[in-house]
Amino acid sequence: MPRSQRNDNFTDKTFTIVADILLRIIPTAPGEKEAFTYYRDGVMSAQSEGEYAEALQNYYEAMRLEIDPYDRSYILYNIGLIHMSNGEHTEALEYHFQALERNPSLPQAFNNMAVICHYRGEQAIRQGDPETAEAWSDRAAEYWKQAIALAPGNYIEAQNWLKITGRFGE
């Protein structure tokens, strides 16, 4: 039984029912329907429950089936999220880059890349390497500026950090 049919949460069940109805009435190719099912199982169930290995399997299968670049960008973004959650920052950055290649209007990918760069900058400070810290912080600033440009009302903490560090107007 697919994970999407095992949801215990009312909201997840409702989403699953509505999504299944839409898949039946909207004309889509069978491969697209199957790709969406794997994506939905990855997002709505496995990933939200912390079952990252299962979520990754669903996303990889969705990537195999999905041909639309826009839809693929969200799959790649979610794969990046899992790697980020697991502390695999290099892999997370790579998947977020791939997502942005397909959908450059994905502010959450820019934000996550900025968070990783900021974290690495903080690590460099703790290790006594101010030059590396500055380079990572500059990269974080660039990614946050891009995220804010795409979603001006979001990322208030990032906007404050940019102002405090003197990077907002650069």
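Residues are called buried when their relative accessible area is under 20%, exposed when it is over 50%, and partly exposed in between. The views below show a predicted model.

**View A. The whole protein, built from 8 helices and 0 strands.** In sequence order the pattern is α-α-α-α-α-α-α-α. The protein has 170 residues, of which 43% count as buried. Taking contacts between residues at least 6 apart in sequence, 49% join residues at least 24 apart.

**View B. An aromatic pair within helix H4.** Two rings are paired when their centres lie within 6.5 Å, and planes over 60 degrees apart make the pair edge-to-face. The count by this rule is 3 aromatic pairs. One of them joins Tyr 70 and Tyr 74, whose ring centres are 5.3 Å apart with planes at 65°, so this pair is edge-to-face. Both tyrosines belong to helix H4, which covers residues 69-85, and they are 4 residues apart, about one turn of the helix. Tyr 70 has a relative accessible area of 45%, so it is partly exposed. Tyr 74 has a value of 22% and is partly exposed because this figure falls between the cut-offs of 20% and 50%.

**View C. The edge-to-face pair of Phe 97 and Tyr 143.** Here the ring centres are 6.3 Å apart and the planes stand at 70°. Phe 97 is part of helix H5 (residues 89-102) and Tyr 143 is part of helix H7 (residues 130-150), so the pair ties together parts that are 46 residues apart in sequence. Is each partner buried or partly exposed? Phe 97 is partly exposed, at a relative accessible area of 32%. Tyr 143 counts as buried, because its relative accessibility is 11%.

**View D. The packing of helices H5 and H6.** Two packed helices are described by the angle between their axes and the distance between the axes. For H5 and H6 the angle is about 155° and the axes are 9 Å apart. H5 is therefore roughly antiparallel to H6. Their crossing is left-handed. From H5 the contact is made by His 89, Thr 90, Ala 92, Leu 93, His 96, Phe 97 and Leu 100. From H6 it is made by Ala 109, Phe 110, Asn 112, Met 113, Ile 116, Tyr 119 and Arg 120. Phe 97, the partner of Tyr 143 in the aromatic pair, is thus among the H5 residues in this contact.

**View E. His 89 of helix H5 and its contacts.** His 89 counts as buried because its relative accessibility is 16%. Not counting residues up to four places away in sequence, His 89 touches Met 84, Ile 116, Tyr 119 and Arg 120. Ile 116, Tyr 119 and Arg 120 are also listed for H6 in its contact with H5.

**View F. Tyr 119 in helix H6.** Helix H6 takes in residues 107-126. Tyr 119 is partly exposed, with 37% relative accessible area. Which residues does Tyr 119 contact, leaving aside its neighbours within four places in sequence? They are His 89 and Arg 126. From C-alpha to C-alpha, Tyr 119 and Ser 137 are 8.6 Å apart in space, while in sequence they are 18 residues apart.

**View G. The packing of helices H7 and H8.** These helices pack at an angle of about 130°, and their axes are 10 Å apart. H7 and H8 are therefore oblique to each other, and their crossing is left-handed. In H7, Ser 137, Ala 140, Ala 141, Trp 144, Lys 145 and Ile 148 take part. They meet Ala 158, Gln 159, Trp 161 and Leu 162 in H8.

**View H. Tyr 155 in the loop between H7 and H8.** Helix H8 runs over 156-164. Most residues other than glycine have a negative phi. Phi of Tyr 155 is near 60°, a positive value.

**View I. Gln 159 of helix H8 and its contacts.** Gln 159 is buried, at 12% relative accessible area. Apart from neighbours within four places in sequence, Gln 159 is in contact with Ile 148, Pro 152, Asn 154 and Phe 168. The ring of Phe 168 has the charged end of Lys 163 sitting over it, 5.4 Å from the ring centre.

Conventions. Residues are numbered from 1 along each chain as its sequence is written. This is a predicted model: local features need pLDDT of at least 70, side-chain atom pairs count only at pLDDT 80 or more; totals for chains, interfaces and linings use all residues. Side-chain values use heavy atoms; hydrogens and water are left out. Helices (H or I, at least four residues) and strands (E, at least two) are DSSP runs, numbered from the N terminus. Buried means under 20% relative accessible area, exposed over 50%, partly exposed in between (1.4 Å probe, protein chains only). Contact means heavy atoms within 4.5 Å. Rings of Phe, Tyr and Trp (its six-membered ring) pair if their centres lie within 6.5 Å; planes under 30 degrees apart count as stacked, over 60 as edge-to-face and the rest as tilted. A charge sits over a ring if NZ of Lys or CZ of Arg is within 6 Å of the ring centre and within 35 degrees of the ring normal. Axes are lines fitted to C-alpha atoms, for helices over the stretch in contact, and angles run from 0 to 180 degrees between N-to-C directions. Angles under 35 degrees count as roughly parallel, over 145 as roughly antiparallel, 65 to 115 as roughly perpendicular and the rest as oblique. A crossing is left-handed if the near helix is turned anticlockwise from the far one by less than a right angle, and right-handed if clockwise.
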